[in-house]
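Me: I'm new to this one. Could you show it to me and talk me through its inside?

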Amino acid sequence: MHNINPNQVINGIDGDCWVDDCKMAEVSEFEANIKMTYTDIPLAHKLVSGKKLTKVEQTGKLHMYDISKSIAKKVAEMIEQRKTPVFQVTGKVDDPDSIGPTRVSLSGVKFDEIPLLKWKRGEVTEIDLTFSYESYKYEPAV
């Protein structure tokens, strides 16, 4: 068994996010996930079932400081025009100590809920934007 080099563990301080090619400096956390659902397949002469991949869900989250309403305004405009708000979201992390940068681009992003206005007296406002996406692609990190 090999030991890991702790310096190579990714630190998110060098993470960036773009929504429709607009850099979103207010994003403090980026997450994109693939959830797999398997169906049990009974096998002859075995007590253990096999597993067949039957569904994939692609979801994610942007956690951000509430600075601008650029995403909310674009969503509101598109809904007003009776169009489905769809975005491209790209995330990148490039910790100089890690093995190398990682960049993933998500297409067909649809946000689940957009806060039009949120605040609480005496507190810094942060929001979570959860979403689903249709496809992803690892890209060269530039």
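Here are a few questions and answers about the cavity and the core of this predicted model.

Me: How many cavities of 30 Å³ or more are there in the whole structure?

Reply: The search covered the whole structure, and the cut-off was a volume of 30 Å³ or more. The number of cavities found that way is one.

Me: What volume does the largest cavity have, then?

Reply: A cavity here is a space where a 1.4 Å probe fits but cannot get out. There are 13 residues lining the largest one, and those closest to its centre are Ser68, Lys69, Ile71, Ala72 and Ile127. Its volume is about 80 Å³.

Me: Which element supplies the largest share of that cavity's lining?

Reply: Two elements each give at least two lining residues: helix 1 (70-80) and strand 7 (126-132). By class, the lining has eight nonpolar, two polar and three charged residues. The largest share is three residues, and they come from helix 1.

Me: And the largest nonpolar core: which strand gives the most to it?

Reply: That core has 20 residues, and Val19, Leu62, Ile71, Val109, Phe111 and Leu129 touch the most other members. Among the elements that each supply at least two core residues are strand 1 (15-19), strand 4 (50-65), helix 1 and strand 6 (102-111). With four residues, the top giver is strand 6.

Me: Which residues does Ile71 touch?

Reply: Ile71 is among the residues closest to the cavity's centre, and Ile71 also belongs to the largest nonpolar core. Leaving out residues up to four places away in sequence, the ones Ile71 touches are Val19, Met24, Met64, Phe87, Phe111, Ile114 and Leu129.

Key:
Residues numbered from 1 in each chain as written. Predicted model: local features only at pLDDT ≥ 70, side-chain atom pairs only at ≥ 80, totals over all residues. Heavy atoms only, no water. 1 Å grid on protein atoms, 1.4 Å probe; cavity = no way out; pocket = protein on both sides within 12 Å on 5 of 7 lines; lining within 4 Å. Points joined across faces, edges and corners; volume = space filled by probe spheres on them. Nonpolar A, V, L, I, M, F, W, Y, C, P; charged D, E, K, R; others polar. Core = buried A, V, L, I, M, F, W, Y, C linked by side-chain atoms within 4.5 Å. Buried < 20%, exposed > 50% of the residue type's maximum accessible area, 1.4 Å probe, protein only. Contact = heavy atoms within 4.5 Å.
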